[in-house]
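Biologist: Could you walk me through some of the words people use for protein structures? I'd like to see the reasoning behind each label.

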Amino acid sequence: MKKIWEVSTLLMKFAMLTVILPIASCNKNQLVDKKSSAGTHLSDTNLGKADSTLTVYYVDGKNGNNANDGKSLAKAWKTIQKSCNSATPGSTVAILGGVYNEHVTVNVSGLSGKPINFVNYANQSVTIDGSGKAGNVILKIVDKSYLNFRGLTIKNLTMNEAQGILVDATENGGVTALSFKHIVVSQINWSTSAAAIPNADQNAQAFIVYGEGTTQANAVTKLVIDSCEISNNILGQSEAISLDGNIDGFSITHCLVHDNTNIGIDAIGNYGTSGTPQLDQARNGLISQNTCYKDFATYSTSGGIYIDGGRDIKIERNLSYQNGFGIEVGNEQNGSASNITVVSNLLYSNDDAGLAFGGYDEKTTGQVLNCSFYNNTFYSNDMGMNGNGEVLITKATNCKMENNIFYTGSQALLFSLTPITPQQNNTFNFNCYYSPDGNQDNVSVNWLKKEYDSFAAYKANTKQDGKSLYTNPNFKNLTASSPDFHLTALSTFTKSGDISVITDPTQTDYDGIPLISGGTTTMGAFQLH
């Protein structure tokens with residue numbers, strides 16, 4: 001929503017019949033390939049054969065006929081829309097390979113324990129192509145539940161307010177237990193030109209979820225978005241993946257979100273999407289092990305991952321680079337974003353900063369409350385030389401930043417605290433700072449209306465980072481093409497992190513290693529093995 005400046009699972013019997021076939025990641029970074037299988041399709045050749053009670057419907061765009069019963073390859077339906085009108089709870093719709101030139105509205109729901117599965121058949125490439133059709137949504141799901149989608153590509157729709165996937169729980173409706181796995185969404189555009197400058201009303205959304213419900217019973221719940229690839233979308237003033245309003249319980253994991261012309265992943269609140277203010281926030285969510293890169297707008301502040309008014313969300317083990325901000329936690333409207341945990345993330349080469357947190361608009365009450373930022377690794381952010389440094393802080397209260405490693409770019413600017421109120425009880429400690437020339441007397445911090453031009457001056461005058469260090473973290477490899485931020489034997493100092501900030505004893509580092517071992521923790525996103 002940024003303008004200028006600004007879990008359900010498949011049926012066990014179905015899961016046993018599918019095989020994940022890995023493909024090469026479009027991201028060559030060595031830290032990405034092991035994390036994400038976005039775009040992977042499923043092999044469903046034997047779907048339904050091992051269990052005669054599992055109903056399987058088939059869709060064949062070349063040879064099918066909607067007058068058929070759909071229950072065999074020989075009597076397949078022709079359109080995906082037919083399956084979305086006719087599939088029954090507990091069934092699987094196996095879609096044969098091809099390009100389906102449709103806009104699809106899902107008119108069926110599964111039941112608890114009997115979801116409806118929509119999958120690509122036998123590892124075949126299935127594309128729902130929205131070009132040339134009336135309407136602004138390719139795949140629409142309104143007030144439907146217990147549905148699983150796997151192995152589909154959604155693409156090609158150019159118009160203002162274009163939407164690749166729309167999920168909507170209406171005011172008196174509701175949505176629960178939707179799962180999207182190995183889905184590709186691309187070329188959802190408000191304009192034909194990525195260089196076009198949008199006004200406030202020119203938007204496209206690759207994947208948008210609205211929670212309009214006015215009670216808890218009307219919320220979007222148990223939403224899973226996993227191993228998807230959302231890329232090359234021209235978004236205007238909107239986002240690639242956007243969760244807005246009364247959404248309670250979600251996970252966005254293992255996704256590749258890249259080369260979009262604005263924000264990558266956004267969890268939103270306080271915009272009036274739900275008519276009940278206390279429910280009008282995406283909440284109780286997990287954003288984990290995603291890779292976000294080149295999600296960037298020339299006309300607006302953008303970022304890989306953004307919390308804009310959401311609450312009670314963990315952002316962990318993500319890689320975010322070459323975006324506007326790597327991660328931003330903010331609140332643009334009246335109200336707050338709160339209880340956000342940002343941990344074990346790698347943030348490097350972002351244009352504005354690795355991290356930003358706080359409300360920024362003096363005309364609203366919007367601020368950020370009670371958030372923790374710990375055990376993250378920052379490297380060479382603020383590539384645009386915007387005077388932010390590795391972290392930009394605005395209206396924030398009761399936030400902690402500990403156990404992080406900050407390795408600056410050439411401007412040697414550690415971070416910036418903007419002179420805007422309210423700002424109270426924010427603490428910085430147990431961090432490691434370093435700059436390319438290795439000289440702590442050459443680093444700077446923008447602190448309110450003052451600039452401190454050495455690490456010692458900053459610590460002495462602000463009384464922050466009392467137990468923090470300026471020293472080389474000794475990363476394994478800092479080559480520009482594929483940096484490796486693992487620590488080496490020379491990094492033993494980093495065992496001096498603060499374990500008290502790690503409130504979840506099961507929390508892991510970027511690699512999945514426990515953050516706390518032997519009563520100690522290592523600074524940064526990687527534990528020292």
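Modeller: Let's take the labels one by one, keeping in mind that this is a predicted model.

Biologist: Okay, what makes up the secondary structure of the chain?

Modeller: There are four helices and 46 strands. Buried residues account for 62% of the 529 residues.

Biologist: Let's pick one residue, then. Why is Q464 called buried?

Modeller: Its relative accessibility is 13%. Buried means under 20%, so Q464 counts as buried. You'll find Q464 in the loop between helix 4 (455-462) and strand 44 (469-470).

Biologist: What makes the link between Q464 and N426 a polar contact?

Modeller: A polar atom in the side chain of Q464 sits 2.9 Å from the backbone oxygen of N426. The cut-off is a pair of N or O atoms within 3.5 Å, and 2.9 Å fits that. Leaving out residues up to four places away in sequence, Q464 also touches others, including F428, W447 and Y458.

Biologist: F428 and W447 caught my eye. Why is their aromatic pair called edge-to-face?

Modeller: The whole structure has 26 aromatic pairs. In the one formed by F428 and W447, the centres are 6.0 Å apart and the angle between the planes is 70°. Centres have to lie within 6.5 Å, and planes over 60 degrees apart count as edge-to-face, so this pair earns the label.

Biologist: How do you know that the pair links distant parts of the chain?

Modeller: F428 belongs to strand 40 (residues 427-429) and W447 to strand 42 (residues 444-447), and they are 19 residues apart. Both partners are buried, too: F428 has 3% relative accessibility, and W447 has 13%, while the limit is under 20%.

Biologist: And why is the pair of F455 and Y458 called tilted?

Modeller: Their ring centres are 6.2 Å apart, with the planes at 40°. Stacked needs under 30 degrees and edge-to-face over 60, so 40° makes this pair tilted. F455 and Y458 both lie in helix 4, three residues apart, which is about one turn of the helix.

Biologist: Last one: how do you know whether T364 is buried or exposed?

Modeller: T364 comes out at 17% relative accessibility. Since buried is under 20% and exposed is over 50%, T364 goes down as buried. T364 is in the loop between strand 30 (353-357) and strand 31 (367-369), and a polar atom of its side chain lies 3.1 Å from the backbone nitrogen of G366.

Definitions and conventions. Residues numbered from 1 in each chain as written. Predicted model: local features only at pLDDT ≥ 70, side-chain atom pairs only at ≥ 80, totals over all residues. Heavy atoms only, no water. Helix = DSSP H or I, 4+ residues; strand = E, 2+ residues; numbered from the N terminus. Buried < 20%, exposed > 50% of the residue type's maximum accessible area, 1.4 Å probe, protein only. Polar contact = N/O pair within 3.5 Å; in protein donor to acceptor, adjacent residues only side chain to side chain. Contact = heavy atoms within 4.5 Å.
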